[in-house]
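This briefing is meant to be read beside the sequence and the coordinates. The points are grouped by topic, beginning with a loop and moving on to the chain as a whole and to the packing of its helices.

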Amino acid sequence: MIEDAAALSRAAASESIGVEAAGRTSGIGPSRRLVALLGYWCLAALLISAARIWQPQAAAALENIWWGAGALLLGAALLDLLTGRRVRGLDGARQLPGNLALGVRNRVRLTLHNAGPRALVLNVCDRVPAQLSAEQLPRRAQLHPGQRVELDYPLVPHRRGQADFGGIEVLADSPWGLWQTRVLVGEPQSVKVYPNFLGISSLQALSTEQSLRFLGLHQQQRRGEGMDFRQLREYREGDSQRQVDWRASARLRKLISREYQDERDQEIVYMLDCGRRMRAKDGEQSHFDHALNALLLSAYVAIKQGGGGAPPPSPADAGGGRRPPARLPPVKGEGGINLLLNSVYDLHSGTANADYSGAAQQLLASHPRRALVILVTNLRDEDSDELLAAVQLLSRRHLVMVASLREAAVDELLQRPVETFGDAIETAAARDFLQRRARLLQQLRARNVLVVDSAPDKLHMALVESYWQLKRSGKI
């Protein structure tokens, strides 16, 4: 269980877990040095064959030398095999960060200890999961008896979920370097790859106003105009007349104003599209990853402001994903973001189409209380009928916001110069696509649906800004 978002950041930077175990020999094979010597010996045979033609008197002496060299090489290889086939006393450990954040570079430390009787020359590699990319491997190391060495290498996660490491794989050279023994040290380990929670960690120590400034947003002042009664206080210049409590003013014989605050118990429901369109990529991360990062960051701001939120049934089948979409009860308090992180860190988009109507019906059945429903998706004009019907169904009970990710590839296509007939067709198709999409967004606005249209990497700011505008206007 994660303790808090700040602890996650510290864990990714410094907290380590390690496992140490004795080496296990898994095989032995010839080294590059032995293969090269055998190649030279075979090449010498060709030279001797040529000498029989051009220098027959010297061929016999060269042939005797050749056979002698072969016997010497064979004897040395056998002796080296007998003395170096066993690697004794090699221990190893891997130190991993407590958690990893998607796209954030971390360092992994490998520790090797030679408790055996002879010096070891090692080629060290690590069994890294496919969802992570490692650099600077394999590494070369030399260990004298009793010596310990530490090696580290950079690691960048490219996919969320649980990352399973195998053992540390070591190739130990024989004393003369003619053979290499494969040894596995350490134990398999697992670490969770979360969405990029470092943004949450940086906001946790800040107030709401500071958090908004950190995100580049401007908070409009609205003194005493919330929905929940907070306290009575003396009248201040600028207070509206409707804030004056005339009964308290008459009793105390001075003007007394009521002070209100924003409501602190508003529920926010996120509906995250897990369909095939969210698999599109802008940069190194998919639209789904950008949407999940934005969801978590905006959820944290909302929770810090006093609201509760959780992702209900997603508007798409999870086909192709690792597990069904998350269904969580509402969470409150800053510790609630940890529940969200642990629940959605291994959620992935699938290959099915989004089922907006099914998700809307499930939401209405499970959430009778009025809430702000934020649907995060990638809209297309072919979704208009089903999406409009689902939004109309949700709007009967909830305040609905549709956040759509705008594909950067389409915008880039329109910026390219039109030089050929093919370029003209692509540009016309892109303009038609954007016009159809704009009409769908306009239809949503006409139904009093809040619309956020944003580039994937700016979605977190757009969601937070829209939420704060709703909060300050008293709509939630």
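Gln-136 has its place in the loop between strands E7 and E8, in what is a predicted model. The chain around that loop has 13 helices and 22 strands, and of its 476 residues 49% count as buried. Among the contacts in the chain with a separation of 6 or more, 75% are accounted for by residues 24 or more positions apart.

**The loop between E7 and E8**

- The backbone at Gln-136 has a phi near 65 degrees, which is a positive value in a residue other than glycine.
- Gln-136 has a relative accessible area of 45%, and because exposed would require over 50% and buried under 20%, the residue is classed as partly exposed.
- Pro-138 is found in the loop between strand E7 (132–134) and E8, and the peptide bond that leads from Leu-137 to Pro-138 is cis, with omega near 0 degrees.
- As background to these backbone values, most residues other than glycine have a negative phi, and most peptide bonds are trans.

**The loop between E8 and E9**

- Pro-145 lies in the loop that runs between strand E8 (139–143) and strand E9 (148–157), and with 45% relative accessibility Pro-145 counts as partly exposed.
- Which residues does Pro-145 contact, once its neighbours within four places in sequence are left aside? They are Asn-114, Gly-116, Pro-117, Arg-118 and Ala-119.
- For one of these partners, Asn-114, the separation from Pro-145 is 31 residues in sequence, while the C-alpha to C-alpha distance in space is 5.6 Å.

**Packing of H2 and H3**

- Helix H2 (residues 32–54) packs with helix H3 (residues 56–84) at an angle of about 165 degrees, and their axes are 8 Å apart.
- That angle makes H2 roughly antiparallel to H3, because angles over 145 degrees are placed in that class.
- H2 passes H3 in a left-handed crossing.
- On the H2 side the residues that meet H3 include Leu-34, Leu-37, Leu-38, Trp-41, Ile-48 and Trp-54, and on the H3 side the partners include Pro-56, Leu-62, Glu-63, Trp-66, Gly-70 and Leu-73.
- Sorted by class, the contact of H2 with H3 has 17 nonpolar, one polar and two charged residues.

**Packing of H9 and H10**

- The axes of helix H9 (residues 356–366) and helix H10 (residues 384–395) come within 8 Å of each other and cross at roughly 10 degrees.
- H9 is therefore roughly parallel to H10, since angles under 35 degrees are classed in that way.
- H9 contributes Tyr-356, Ser-357, Ala-360, Gln-361, Leu-363 and Leu-364 to the contact, whereas H10 contributes Glu-386, Leu-387, Ala-390, Leu-393 and Leu-394.
- By class, eight nonpolar, two polar and one charged residues make up the contact of H9 with H10.

**Packing of H11 and H12, and the loop that follows**

- Helix H11 (residues 408–415) and helix H12 (residues 421–446) have axes that come within 9 Å and cross at roughly 130 degrees.
- H11 and H12 are therefore oblique to each other, and H11 passes H12 in a left-handed crossing.
- In this contact Val-410, Asp-411, Leu-413 and Leu-414 of H11 meet Glu-426, Thr-427, Ala-430, Arg-431, Phe-433 and Leu-434 of H12.
- The classes in the contact of H11 with H12 are six nonpolar, one polar and three charged residues.
- Asn-448 is found in the loop between H12 and strand E22 (450–454), and its phi is near 60 degrees, a positive value in a residue other than glycine.
- Asn-448 has a relative accessible area of 67% and is therefore classed as exposed, the cut-off being over 50%.

**Cysteines**

- How many disulfides does the structure hold? The structure holds zero disulfides.
- Cys-42 is partly exposed, with a relative accessible area of 46%, whereas Cys-274, at 0% relative accessibility, counts as buried.

Methods:
Residues are numbered from 1 along each chain as its sequence is written. This is a predicted model: local features need pLDDT of at least 70, side-chain atom pairs count only at pLDDT 80 or more; totals for chains, interfaces and linings use all residues. Side-chain values use heavy atoms; hydrogens and water are left out. Axes are lines fitted to C-alpha atoms, for helices over the stretch in contact, and angles run from 0 to 180 degrees between N-to-C directions. Helices (H or I, at least four residues) and strands (E, at least two) are DSSP runs, numbered from the N terminus. Angles under 35 degrees count as roughly parallel, over 145 as roughly antiparallel, 65 to 115 as roughly perpendicular and the rest as oblique. A crossing is left-handed if the near helix is turned anticlockwise from the far one by less than a right angle, and right-handed if clockwise. Contact means heavy atoms within 4.5 Å. Ala, Val, Leu, Ile, Met, Phe, Trp, Tyr, Cys and Pro count as nonpolar, Asp, Glu, Lys and Arg as charged, and the others, Gly among them, as polar. A disulfide is a pair of cysteine sulfur atoms within 2.5 Å. Buried means under 20% relative accessible area, exposed over 50%, partly exposed in between (1.4 Å probe, protein chains only).
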